[in-house]
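This report walks through one structure, from its interior to the contacts between its side chains. Please keep the sequence and the view open while reading.

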Amino acid sequence: MTETFEKAVKEATVLKKRPNYDEIGELYGLYKQVIVGNINIERPGIFDLAGRGKWDAWNSRKGVAKDEAMALYVDVVERLKAKYGLESVSHE
């Protein structure tokens, strides 16, 4: 699963069109849950809108196991690839 996840992370950066705010939040929350685990920081202040959005996205995945978060991330990337397509990807 780790290789599939790493491939999906790379593919998420080469979509032909930038995903919308909700889609980016979905990717961010799952990615942080895989890499760090449950949220471990305080929610940013009211004037940090981007930070709060990221925090909320990550917090919404609290309690999701690493393997499950990886699988969900891959599913989201597959959905985004179908929606937006990919630029050419180097498979090194």
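A salt bridge is here a side-chain nitrogen of Lys or Arg within 4 Å of a carboxyl oxygen of Asp or Glu. With that cut-off in mind, the reader can turn to Glu 26 and Arg 61, whose side chains meet in a salt bridge at 4.0 Å, N to O. This pair links distant parts of the chain, since Glu 26 lies in helix α2 and Arg 61 in the loop between α3 and α4, 35 residues apart. Glu 26 has a relative accessible area of 23% and is therefore partly exposed. The model is a predicted one, and what follows should be read with that in mind.

**Salt bridges**

Seven salt bridges are found when the whole structure is searched, and three of them, including the one just described, are set out below.

| Pair | N to O distance |
|---|---|
| Lys 7 and Glu 11 | 3.5 Å |
| Glu 26 and Arg 61 | 4.0 Å |
| Arg 43 and Asp 56 | 2.8 Å |

Arg 43 and Asp 56 form a salt bridge in which the closest N and O atoms are 2.8 Å apart. This pair, too, links distant parts of the chain, with Arg 43 in the loop between α2 and α3 and Asp 56 in helix α3, 13 residues apart. Arg 43 counts as partly exposed at 36% relative accessibility, and Asp 56 is also partly exposed, with a relative accessible area of 32%.

The bridge between Lys 7 and Glu 11 has another setting, because these residues are four apart in helix α1 and are thus separated by about one helical turn. Lys 7 counts as partly exposed, at 42% relative accessibility, whereas Glu 11 is buried, with a relative accessible area of 5%. Both residues belong to a network of salt bridges that also takes in Glu 78 and Lys 81.

**The nonpolar core**

Which residues touch the most other members of the largest nonpolar core? They are Leu 27, Tyr 73, Val 77 and Leu 80, in a core of 16 residues. Helices α1 (2-12), α2 (21-35) and α4 (66-84) are the elements that each give two or more residues to this core, and α4 supplies the largest share, eight residues.

Val 77 shows how such a core member is surrounded: leaving aside neighbours within four places in sequence, Val 77 is in contact with Ala 8, Glu 11, Ala 12 and Leu 27. Glu 11, the buried partner in the bridge with Lys 7, is thus among the residues that Val 77 contacts.

Another residue to look at is Val 34, which lies in helix α2. Is Val 34 buried or exposed? Val 34 counts as buried, because its relative accessibility is 5% and the limit for a buried residue is under 20%. Apart from residues up to four places away in sequence, Val 34 touches Phe 5, Lys 66, Ala 69 and Met 70. From Arg 18, by contrast, Val 34 is 16 residues away in sequence and 22 Å away in space, C-alpha to C-alpha.

Helix α3, which spans residues 49-59, has its own buried residues, namely Gly 51, Arg 52, Trp 55, Ala 57 and Trp 58. The cover over these buried residues includes α2.

**Aromatic pairs and a surface patch**

A pair of aromatic rings is described by the distance of the centres and the angle of the planes. The structure holds three aromatic pairs. One of them, formed by Phe 5 and Tyr 31, is stacked, with 6.2 Å from centre to centre and 20° between the planes. Phe 5 lies in helix α1 and Tyr 31 in helix α2, so this pair ties together parts that are 26 residues apart in sequence. Phe 5 counts as buried at 5% relative accessibility, while Tyr 31 counts as partly exposed at 32%.

Tyr 31 also pairs with Tyr 73, the ring centres being 6.3 Å apart and the planes at 55°, so this pair is tilted. Here the link runs from Tyr 31 in helix α2 to Tyr 73 in helix α4, 42 residues apart. Tyr 73 counts as buried, at 4% relative accessibility. Through these ring pairs Phe 5, Tyr 31 and Tyr 73 are linked into a cluster.

Tyr 31 has a further role in the picture, as Tyr 31, Ile 35 and Val 36 make a nonpolar surface patch of about 250 Å². Val 36 is found in the loop between α2 and α3, and counts as partly exposed at 38% relative accessibility.

Methods
Residues numbered from 1 in each chain as written. Predicted model: local features only at pLDDT ≥ 70, side-chain atom pairs only at ≥ 80, totals over all residues. Heavy atoms only, no water. Core = buried A, V, L, I, M, F, W, Y, C linked by side-chain atoms within 4.5 Å. Buried < 20%, exposed > 50% of the residue type's maximum accessible area, 1.4 Å probe, protein only. Contact = heavy atoms within 4.5 Å. Patch = residues over 30% accessible without salt bridge, like charges linked within 9 Å, V, L, I, M, F, W, Y side chains within 5 Å. Areas by Shrake-Rupley, 256 points an atom, 1.4 Å probe, with all protein chains shown as cover. Phe/Tyr/Trp six-rings, centres within 6.5 Å; stacked < 30°, edge-to-face > 60°.
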